Each structure stands twice: as structure tokens, then as C-alpha cells.
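Q: Could you take a close look at the backbone in the loops of this chain, and then set what you find against the fold as a whole?

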Amino acid sequence: MKIIIALHSCMDLGGIINHTEQLAGGLKDLGHEVEFYELVYADKAPGQNKATTEIGPTGVPYSQGKGWCFPVAKRLAYKTHAGLASARQVLGGADVVIWTVPVVPKNKQHLGNDKWPDLYDLPPTTKQIAFSHDGNSKAGYPHILAIADRLSGLACVHGCSYNGAAHIPTPRALIVNPQYKPMRTFPTWDTKEPGFISMQTFKAWKHVHELVESIRYMPPKVRGELREIGGKGIEYQYMTSIDKCKDAYYHEDGEKFWDAAEDNGMVHHDYWTELETLNMLRNTRALVDPSWSKKYSKIGGHWNRVVVEAMMNGAIPIAQSRGMGDELFQAGVHYVDLGTALDPQDYADVVLSVGNMSAKEAMPYQEAARSLLRRFDRKRVAEDVIDLAFGNLETIAGEDVPAVRKKAEDLCFDFYGVIM
């Protein structure tokens with residue numbers, strides 16, 4: 001089949017990059033033809049000039065921090081009537097269209113964009129599904145209701161996105177983030193470096209500052225020990241700023257969390273490439289993912305793909321049970337729970353305890369991980385996506401909530417100029 005993965009132009013893609021690349025890979029593994037396009041609300045879509053470091057199954061070069069660099073031929077401008085017609089012709093030529101971001105974001109670029117719902121007016125022979133990557137649909141993108149009836153299915157990547165879509169009257173299923181060869185071999189525990197690594201886009205809900213704060217309370221770093229943190233973002237800018245560092249990012253004696261952590265052996269890196277990330281995970285014992293959201297944790301588990309990547313490579317995840325949820329992962333079985341830490345010293349002790357585990361202590365975590373990882377194989381995920389598109393997967397449809405629909409109608413009219 002011919003499958004198009006469609007991306008609305010947006011910022012801060014984060015894990016959506018890896019998700020899309022591996023989904024494309026899984027679909028190609030099944031023998032499908034896959035094309036990847038960016039939809040751009042503009043009269044014309046010029047070529048891009050982003051610095052890229054990788055190229056994956058989509059065939060479009062990208063970097064983890066800046067996203068994809070689409071050539072002109074892969075950017076579909078639809079602001080004019082002719083552009084819209086051309087974009088719909090391209091999309092309608094596919095057997096399946098996968099919206100890797102379900103709807104256009106609410107940002108300045110799309111103010112007054114009344115054309116975007118028309119992109120989904122495709123022939124009935126073209127099946128359409130969309131991915132929900134978070135539990136924020138009610139507040140962040142209620143306007144999905146404007147096109148919900150045109151979707152064959154909604155694929156939800158974790159418990160939070162699944163439960164958070166209960167107001168969308170589209171058949172939905174939990175389809176986890178795809179991974180390449182999750183059942184791989186990895187170095188023995190004793191050959192892995194002690195210590196930890198951590199990587200993410202620094203956002204408030206990622207809670208990176210808590211990890212950075214705790215590093216001051218660790219004993220001096222020994223030879224070969226890793227205390228590596230990768231990534232950047234708004235909270236990185238605050239933590240390292242000379243004059244705009246948040247008060248919450250200082251120790252009681254006035255020293256910045258960041259400065260104290262660097263003094264005690266923390267090493268910071270820019271965004272690692274996917275290959276660099278996997279190599280780091282192969283060679284270290286522990287992955288710290290401190291993220292959790294007070295809002296999202298009330299809805300369901302919102303685990304990050306890097307936790308699964310750690311399991312694939314024999315590293316033990318250290319994560320927040322408030323972020324991991326209980327849909328797939330169990331604290332003390334698949335990962336070590338950071339939620340038990342009472343203060344920065346306790347936090348440091350939890351992190352170091354994993355980095356210094358014996359092989360005997362680590363083995364049960366690694367064995368539990370392997371029993372779960374088959375579900376994340378990109379080929380199996382791709383099969384689930386196709387089954388969802390053609391109604392061959394067990395699903396449940398959400399129920400319309402009048403208050404959310406009213407919010408969607410107001411947003412569509414006031415911001416986009418669209419009448420639902």
C-alpha cells in the first residue's frame with residue numbers, strides 16, 4: 001500500500017521525531033511504500049536550511065534539536081485555493097494517511113488558518129488515522145473534534161493520551177511508540193559504566209532541575225563513573241542564566257543547582273543523536289528520567305520512549321511512578337521509582353544505588369524488561385496502525401462532551417476562523 005505520513009508545521013517536536021522515523025521504518029519493514037510530507041500554511045513553501053545530523057527511514061534529514069529539514073518537494077503549501085487542491089490531491093492518492101500530529105497547533109503561524117480542516121476532506125478510499133502523543137487534547141487541541149469524524153482511528157501512545165481522548169468520538173486504541181529491534185543483545189552488566197545518563201528537552205514538567213539539584217549531594221565522582229545529562233530547552237536556559245535563573249534553582253546557600261552539579265562531576269551535552277543515545281545506553285547502567293506532570297498523572301501513565309530505549313540496551317530506568325503510570329510498567333519490576341525520594345540527598349542515593357548495583361541485583365529488571373519489549377517492535381506497531389486504519393483492531397470510541405465541543409467551536413471560530 002501507499003502510505004503518507006503527514007506533519008503539520010510546528011515546533012518542539014521532541015520524541016515525535018523518533019516516533020515518526022521508527023513508524024516509517026516499521027511500515028517499510030512490512031513492504032509498504034511510505035512518503036513523508038509537511039503541511040505548511042503559506043502561499044509558497046520554500047526550502048529549508050536547517051543543520052541536520054541524521055537521516056532515517058522517512059528519508060528526510062533531521063536533527064534531534066531542530067527537527068526535519070524538508071526539501072521543497074516535500075512541503076505542501078495550502079494557503080491558496082490552488083495549493084489546498086494540490087495538497088489534497090497528493091494526500092488523496094494514498095491508501096492511508098497518518099497524521100503524526102493530529103491537528104494544527106494554536107500558534108501565531110496558524111492564526112486565521114481556516115483551510116486546515118479541508119486537508120482532511122479526502123476520498124473515502126483513503127483511510128486516515130491520527131496519533132495522540134499526550135493527554136492534553138481537551139485543553140491543547142480540542143479542535144480535533146472538527147475533523148474527528150473523518151478519522152478511521154486515533155492511535156494513543158500511552159495511558160495518558162488514551163484516557164485523555166475519552167471525549168473524542170473516534171475509535172481509539174493504545175499503540176505504543178515503535179522501536180527498532182527492541183529484543184537486541186547488550187553488553188554484560190559488569191562491562192557497563194557505573195553512574196547514570198539522562199536526556200530530554202528541558203521543560204518544567206521534565207523536572208530536570210531535581211536531578212541536577214541532587215548531584216551536589218553525591219560523593220565525589222570516581223574514575224569511569226558517568227554523570228551525563230543531554231539536551232536543552234527553556235528550563236536549561238533558566239538554570240544556566242547569569243541574571244534570569246529562577247529562585248527555585250538555587251541551593252539554600254545561594255549556589256546555583258547547575259554550578260554545584262558541574263563542580264561535582266556533572267557533564268552536560270547538547271542533544272545527542274539517536275545513535276549516540278543508544279550507544280550511551282548500551283554502555284551505562286542507569287537512565288534517569290525524572291519527568292512527570294501533576295496534570296497528566298491524574299489521567300494516566302505518560303512514559304517517554306527513552307525509558308524503553310534504556311530497557312532495550314540493558315540499562316535500568318530510574319523514573320517517577322507518577323509519570324510511568326500502571327498500564328504497562330511496574331515500579332520495582334521494570335524500573336526503580338524516584339517517587340520514593342524524600343529530599344535531594346535521598347534522590348541522590350536512589351540514583352547512585354542503581355548505578356552501583358551488582359549484576360545479580362540488575363538481572364531481574366533486565367529479564368522483566370525483555371518480556372515487555374516485544375510489544376514495542378516497530379513492525380508490530382506498524383501492523384497495529386494498519387489494522388486500526390481498516391477497522392481490524394479492537395477499539396473504543398469516546399463520548400462527546402458538550403463543554404469540550406463548545407470550547408472547540410469557540411477556538412475554531414475565534415482563532416482559526418472555522419465554523420464547525
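A: Happy to, and bear in mind that this is a predicted model. Let's start with the surface: the chain exposes about 17,700 Å², and carbon and sulfur atoms supply 51% of that area.

Now for the loops. Go to the stretch between β10 (193–199) and α5 (208–215), and you'll find His207 sitting in that loop. Phi of His207 is near 55°, a positive value, and the residue isn't a glycine. As for its surroundings, His207 has 13% relative accessibility, and since the cut-off for buried is under 20%, it counts as buried.

Step back along the chain to the loop between β9 (171–174) and β10, and there's Lys181. Lys181 isn't a glycine either, yet its phi is positive, at about 45°.

So much for the loops; here's the setting. The chain has 15 helices and 16 strands. Its radius of gyration is 22 Å, close to the 22 Å that the globule rule gives for 420 residues, so the chain is as compact as a globular protein of that length. Along the principal axes, the C-alpha atoms fill a box of roughly 65 × 45 × 45 Å.

Burial and contacts round this out. Of the 420 residues, 55% count as buried, and His207 is one that counts as buried. Among contacts with a separation of 6 or more, 76% come from residues 24 or more positions apart.

Finally, the charges: there are 46 positive and 52 negative ones, and their mean positions lie 4 Å apart.

How values were computed: Residues numbered from 1 in each chain as written. Predicted model: local features only at pLDDT ≥ 70, side-chain atom pairs only at ≥ 80, totals over all residues. Heavy atoms only, no water. Helix = DSSP H or I, 4+ residues; strand = E, 2+ residues; numbered from the N terminus. Rg over C-alpha atoms; globule rule 2.2 N^0.38 Å. Buried < 20%, exposed > 50% of the residue type's maximum accessible area, 1.4 Å probe, protein only. Contact = heavy atoms within 4.5 Å. Areas by Shrake-Rupley, 256 points an atom, 1.4 Å probe, with all protein chains shown as cover. Lys, Arg positive; Asp, Glu negative; His and termini not counted. Charge placed at Lys NZ, Arg CZ, Asp CG, Glu CD.
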